[in-house]
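Open the structure in your viewer and keep the selection tool ready. This tour tells you what to pick next and what you will find there.

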Amino acid sequence: MMKTFYIETFGCQMNAHDSEKVIGTLLTEGYSQVETPEQAELVLYNTCSIRDKAEQKVFHRLQQFKKDHGKGKVFGVLGCVAQQEGEKIFEKAPHVSLVAGSASYTKLPQMLVQLERGDRRVTGLSLDTADTFETPFTRRDNPHRAYITIIEGCDKACAYCVVPFTRGPERSRTSESVLREARELASKGYTDIQLLGQNVNSYHDPSPAGWRFARLLRAVGELDGIKRVRFTTSHPRDFVKDIIDAIDDNPVLCNHVHLPVQSGSSAILERMQRLYTRDEYMRRIDWMKSARRTISITTDVIVGFPGETESDFQDTLTLLDQVEYDSIFCFKYSKRPNTSALALEDHISEEEKTRRLAVLQEKQRAIQIRRNSELVGTVEEAMIEGFNRATGQWIGRTSQNRTLNFTHPLYGSLEENVSLIGKYLDVRVTRAGPNSLAGEAIN
Ligand code: SAM
Ligand code: SF4
């Protein structure tokens, strides 16, 4: 009887959280998790196909086991590559027996039964679902911070993006079920909640209450025991001022907003079908800049989208100066199957994309050094996430999502003080680097 499994997860927080739910489901079905694929009877890869490089990773992994038809193990490909490639995966990697996209995870127990009885080609590829994948058995990786999916899929059609094809149409959970999960988490000692979705701003409660995102955010922030609430990802088109008003009204709602811009050029934004102009994006930034607490703003940028001229790229650079992000994720445009950008001309060379990426990263690094150094001397509340034995520092995170490594006058090592993890302490910032702060605890 096949009863041990190994799972490796690629990609975004949505995938990480999906894996927590898949693991919970497998444990409930009598499987036990092991640390390496070699030890496992069932080997699962929860995949990402947002860029070509991410997609290649899973085929590379599968290749390693192709010999001897996977040595008697059962292989499953889950997530976005599964949804995108479908049954073609069985041709590319004949030792794979399960191919399932995230919209089919509710059927995982039935798919496991099929695998256990020896079926060689089990699929879960329908996108035709009104369900979101929820399970009371979610096996969470972190004992203090928990993800809650509030919306799945995406109804936008950004010209470069596979997500609408791999995660299906938008489905929101009822506010009641989100709040029930959040209350349960609080009762188990979780203090930090992250609301997840490809576009949390278009959340629309399917129950008669009909709540929109800002209302839900406020309600989660008011639950007893919850000290921090974050949310990701926001789409500028659906980002309304009510969200900033909610953050203003309750310090439990973290003063951090990730608002992907993709480009600083309105012409490129139009080609990308992002549904906003640079000016409209900047209006949202202005709301954040006039909030009562300083809101840390982060973003995603794509360089080398088809037709991006040097002048379009310069627009992105000036946007960085104008907004002064606290951090950015930047990517070279990668052609993806099914997407409308494939039909566009003027594809930029790989060398030029690499150059633009480097210029962007260098500019952003200087901005981060400047912004982080402005925090030296201030006191920040840090949630303690771990201890770095090599440096002797505790690892903390601020409400603005900055990493703050610090020493503690009384608690100098992990062995005696594991209990500090999950606590919230005030830390005086004494040094700043481009990607993190350092300091000393003052309580
Ligand atoms: N739903 C979010 C949004 O609308 O901003 C993000 C979705 S995606 C998982 C995360 C980021 O990957 C995007 O913001 C974008 O910058 C990047 N990305 C998506 N497709 C890409 C592509 N084809 N090439 C390069 N980067 C891409
Ligand atoms: Fe992709 Fe655009 Fe949907 Fe984000 S909003 S997931 S970038 S299609």
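In which hand, left or right, does α8 pass α9? The crossing of α8 with α9 is right-handed. Keep in mind that you are looking at a predicted model.

**Stop 1: α8 and α9**

Select residues 213–221 for helix α8 and residues 241–249 for helix α9. Their axes come within 8 Å and cross at roughly 15°. Angles under 35 degrees count as roughly parallel, so α8 is roughly parallel to α9. Now show the side chains at the contact. On α8, pick F213, A214, L217 and R218. On α9, pick D242, I243, D245, A246 and D249. Colour this contact by class: five residues are nonpolar, four are charged and none is polar.

**Stop 2: a sheet of three strands**

Next, select β7, β10 and β11. These three strands form an open sheet in the order β7-β10-β11, with parallel pairing. Why do β7 and β11 each have a side without a neighbour in the sheet? β7 (145–149) and β11 (228–232) stand at the edges, and each has a single partner strand, so one side of each is left free of a neighbour there. On average, neighbouring strands of this sheet are turned by 20° against each other, direction ignored.

Zoom in on β7 and on β10, residues 192–196. Five bridges pair them in the parallel sense. For a landmark, label A146, which stands opposite I193 in β10. Then add helix α7, residues 175–187. Helix α7 packs on the sheet and touches β7 and β10. The direction of α7 makes about 170° with that of β7.

**Stop 3: two backbone details**

Go to the peptide bond from T232 to T233. This bond is cis, with omega near 0°. You will find T233 in the loop between β11 and α9.

Then jump to Q262. Where does Q262 lie? Its place is the loop between β12 (256–258) and α10 (266–271). Q262 is not a glycine, yet its phi is positive, about 75°.

**Stop 4: around ligand 2**

Select ligand 2 and show the residues around it. Pick out C154, K156, C158, Y160 and C161, then V163, P164, Q198, H235 and R274. How do the residues of this shell divide by class? Six are nonpolar, two are polar and two are charged.

**Stop 5: α12 and α13**

Move on to helix α12, residues 310–323, and helix α13, residues 350–373. Their axes come within 10 Å and cross at roughly 15°. The two helices are therefore roughly parallel to each other. Their crossing is right-handed.

Show the contact. α12 brings E310, F313, T316, L317, L320 and D321. α13 brings E352, R355, R356, V359, L360, K363, Q364 and I367. By class, this contact has six nonpolar, two polar and six charged residues.

**Stop 6: the barrel**

Finish with five strands that close into a barrel. Their order is β15-β16-β17-β19-β18, and the pairing is mixed. From one strand to the next, the twist averages 50°. Walk round the barrel one pair at a time.

- Start with β15 and β16. They run antiparallel and are joined by six bridges. F387 has W394 in β16 as its bridge partner. In their hairpin, four residues lie between the strands, and G392 takes a positive phi near 70°.
- Step to β16 (residues 393–398) and β17 (residues 403–407). Four bridges join these antiparallel strands. Label I395 and its bridge partner in β17, N405.
- Go on to β17 and β19 (residues 436–441). This pair is parallel, over five bridges. T407 stands opposite E440 in β19.
- Next come β19 and β18. They pair in the antiparallel sense over five bridges. R431 has A438 in β19 as its bridge partner. β18 and β19 form a hairpin with three residues between them.
- End with β18 (residues 424–432) and β15 (residues 379–388). Five bridges pair them in the antiparallel sense. Here E381 stands opposite D426 in β18.

Methods. Residues are numbered from 1 along each chain as its sequence is written. Chains are lettered from A and ligands numbered from 1 in the order in which they are written. This is a predicted model: local features need pLDDT of at least 70, side-chain atom pairs count only at pLDDT 80 or more; totals for chains, interfaces and linings use all residues. Side-chain values use heavy atoms; hydrogens and water are left out. Two strands pair if DSSP finds at least two bridges between them. Axes are lines fitted to C-alpha atoms, for helices over the stretch in contact, and angles run from 0 to 180 degrees between N-to-C directions. Contact means heavy atoms within 4.5 Å. Angles under 35 degrees count as roughly parallel, over 145 as roughly antiparallel, 65 to 115 as roughly perpendicular and the rest as oblique. A crossing is left-handed if the near helix is turned anticlockwise from the far one by less than a right angle, and right-handed if clockwise. Ala, Val, Leu, Ile, Met, Phe, Trp, Tyr, Cys and Pro count as nonpolar, Asp, Glu, Lys and Arg as charged, and the others, Gly among them, as polar. A residue is near a molecule or strand if one of its heavy atoms lies within 4 Å of it.
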